[in-house]
Amino acid sequence: MLERLVVGLGDRAYPIWIGHGILDRLGEALQAVEFPKKLAIVTNSAIADHYGELVQQALVDSGFAVSIIILPDGEEHKNFITLQKIFDQLIEQGFDRSSGLLALGGGVIGDMVGFAAAIFLRGIAFAQVPTTLLAQVDSSVGGKTAVNHPLGKNLIGAFYQPRHVHIDVATLATLPNREFAAGMAEVVKYGVICDREFFNVLSEQREALCQQDPEALIRVVKKSCQIKANVVEIDEKESSFRAILNFGHTFGHAVEALAGYGAYRHGEAVAIGMVVAAEISRRLDLCSQQDVSAIRELLISFGLPVDPPTYSVADYIQAMQRDKKVSEGILRLVLNRGIGDCLIQEVPGLDALLTDTLKAGISRG
Ligand SMILES: NC(=O)c1ccc[n+]([C@@H]2O[C@H](COP(=O)([O-])OP(=O)(O)OC[C@H]3O[C@@H](n4cnc5c(N)ncnc54)[C@H](O)[C@@H]3O)[C@@H](O)[C@H]2O)c1
Ligand SMILES: O=C(O)C(=O)C[C@@H](O)[C@H](O)[C@H](O)COP(=O)(O)O
Ligand SMILES: [Zn+2]
């Protein structure tokens, strides 16, 4: 089964292929978008061990000239030092503007390779082959690329769209459970911000998803990519509406930075951040206690943490102020209106609200 979507961005539109066991069709897919014949697969050693040869062979068989660049694994390496390693090898190997990069891996690899492609020689082609659930449902689509700064997540980056996204859900078979759960956090996010029915389906399909039933996975990945593509088509560069995809991220990114990158998986931090955002929404009468509990319970059912680590409110607020939604010094939050709808707004008295939320612990309903 091969599902196809298109991210409709005019002359930068690109296809998303979704299937089970479709890595061997990568050459065909890249030919269809006239991807550069000389390319570098950029990945890390864990992913290369599983899929490096298969992907390289599929591309060589289709006439591509392929080299591999191996990066260190982990969120703590999503920085300029690692980016430099990519550039060193591209320059040594004589890559020019007619060459391309292929990101093979999770969101860390995808975000870094996308940013490298955006700035190397002022922009070369790149494609995404996401191998974590999180990257398949979220980071490979939409063109946000970046590296972290010690003080804040993704603070240095660019909007730069891939030429193709190739999603093989069979690669999830080797993914550790903790990483699978982290991906589910972003899936739950889509349900909360814009689709109550999808939210309900996730709880009904929990077993099939955790068992990695291929059809259930493909359905959920496709729906997630469709939701994300629809948002990105309306507001590619996050002038406003796209920020709904940031639900749970203002607090989540603060957790990641305060705990030290890598201590929490991005999806875990987002799960905690979504429950905090939902609790703030409840305190502002935007949603009910029942809604907060339903969000919390669904996240827990997928094995995700939901309780914020203990840092002072002042530390949290300082970290949250580095969010990209801050404009003219004013922070806006994405809040949920019930489940299936959301809004973006400034929250007067956030310090006090957050103090109460963290002091009370988030009520279990
Ligand atoms: N650009 C966006 O729109 C966007 C969206 C969401 C998240 N992100 C970013 O994505 C990053 C998180 O991505 P992630 O959750 O994929 O983490 P990750 O990229 O660190 O991957 C998680 C772990 O799984 C391993 N791995 C990957 N695929 C595997 C496979 N098939 N089998 C076995 N092991 C595998 C990796 O080596 C890594 O150790 C964060 O930096 C976050 O900020 C970006
Ligand atoms: O694509 C988007 O837009 C998102 O916000 C998706 C998020 O899941 C993702 O983590 C993104 O990288 C966060 O963006 P940032 O601008 O807050 O760094
Ligand atoms: Zn995210």
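How many bridges join strand β3 to β4, and do the two run parallel or antiparallel? In this predicted model, 7 bridges link β3 (residues 38-44) to β4, and the two strands run parallel. That pair is a good place to start, and the points below work outwards from there.

**The sheet**

- β3 and β4 belong to an open sheet of 7 strands, and you can trace its order as β1-β2-β9-β6-β5-β3-β4.
- The pairing in this sheet is mixed.
- At the edges sit β1 (2-7) and β4 (65-71), each of which pairs on one side only.
- On average, neighbouring strands here are turned by 20° against each other, with direction ignored.
- To see the pairing of β3 and β4 residue by residue, find Ile41: its bridge partner in β4 is Ile68.

**Helices on the sheet**

- Helix α2 (residues 45-61) lies across four strands, namely β3, β4, β5 (99-105) and β6 (125-130).
- The direction of α2 is at about 160° to β3.
- Helix α3 (residues 80-92) also packs on the sheet, where it touches β3 and β4.
- Between the directions of α3 and β4 the angle is about 150°.

**Helices α6 and α7**

- Helix α6 (residues 177-194) packs against helix α7 (residues 196-204) at an angle of about 140°, and their axes are 6 Å apart.
- The two helices are therefore oblique to each other.
- Their crossing is left-handed.
- From α6, the residues Val187, Val188, Tyr190, Gly191 and Val192 take part in the contact, and they meet Phe198, Phe199 and Leu202 of α7.
- Sorted by type, the residues of this contact are 7 nonpolar and 1 polar, with no charged residue.

**Helices α13 and α14**

- Further along the chain, the axes of helix α13 (residues 313-320) and helix α14 (residues 350-360) come within 10 Å and cross at roughly 130°.
- Because of that angle, α13 counts as oblique to α14.
- Here the crossing is right-handed.
- Look for Val313, Tyr316 and Ile317 on the α13 side; they meet Asp351, Leu354, Thr355 and Leu358 on the α14 side.
- This contact is made up of 5 nonpolar residues, 1 polar and 1 charged.

**A hairpin**

- Strand β10 (residues 332-336) and strand β11 (residues 342-346) run antiparallel and are joined by 5 bridges.
- Together β10 and β11 form a hairpin, with 5 residues between them.
- In the turn, Gly338 has a positive phi of about 65°.
- Val334 faces Ile344, which stands opposite in β11.

**What the UniProt record adds**

- An unreviewed UniProt entry places the feature "domain: 3-dehydroquinate synthase N-terminal" at residues 69-181.
- In the model, that span is 34% helix and 31% strand, and its end C-alpha atoms lie 28 Å apart.
- The unreviewed entry also carries the annotation "binding site", which covers Glu186, His249 and His266.
- These residues are spread over 81 residues of sequence, yet they cluster in space, with a largest C-alpha distance of 10.1 Å.
- Among them, His249 has its place in helix α10 (residues 249-259).

How values were computed: Residues are numbered from 1 along each chain as its sequence is written. Chains are lettered from A and ligands numbered from 1 in the order in which they are written. This is a predicted model: local features need pLDDT of at least 70, side-chain atom pairs count only at pLDDT 80 or more; totals for chains, interfaces and linings use all residues. UniProt positions are given in the numbering used here, feature names are shortened, and annotations may be inferred rather than shown by experiment. Two strands pair if DSSP finds at least two bridges between them. Axes are lines fitted to C-alpha atoms, for helices over the stretch in contact, and angles run from 0 to 180 degrees between N-to-C directions. Angles under 35 degrees count as roughly parallel, over 145 as roughly antiparallel, 65 to 115 as roughly perpendicular and the rest as oblique. A crossing is left-handed if the near helix is turned anticlockwise from the far one by less than a right angle, and right-handed if clockwise. Two residues are in contact if their C-beta atoms, placed from the backbone, lie within 7 Å. Ala, Val, Leu, Ile, Met, Phe, Trp, Tyr, Cys and Pro count as nonpolar, Asp, Glu, Lys and Arg as charged, and the others, Gly among them, as polar.
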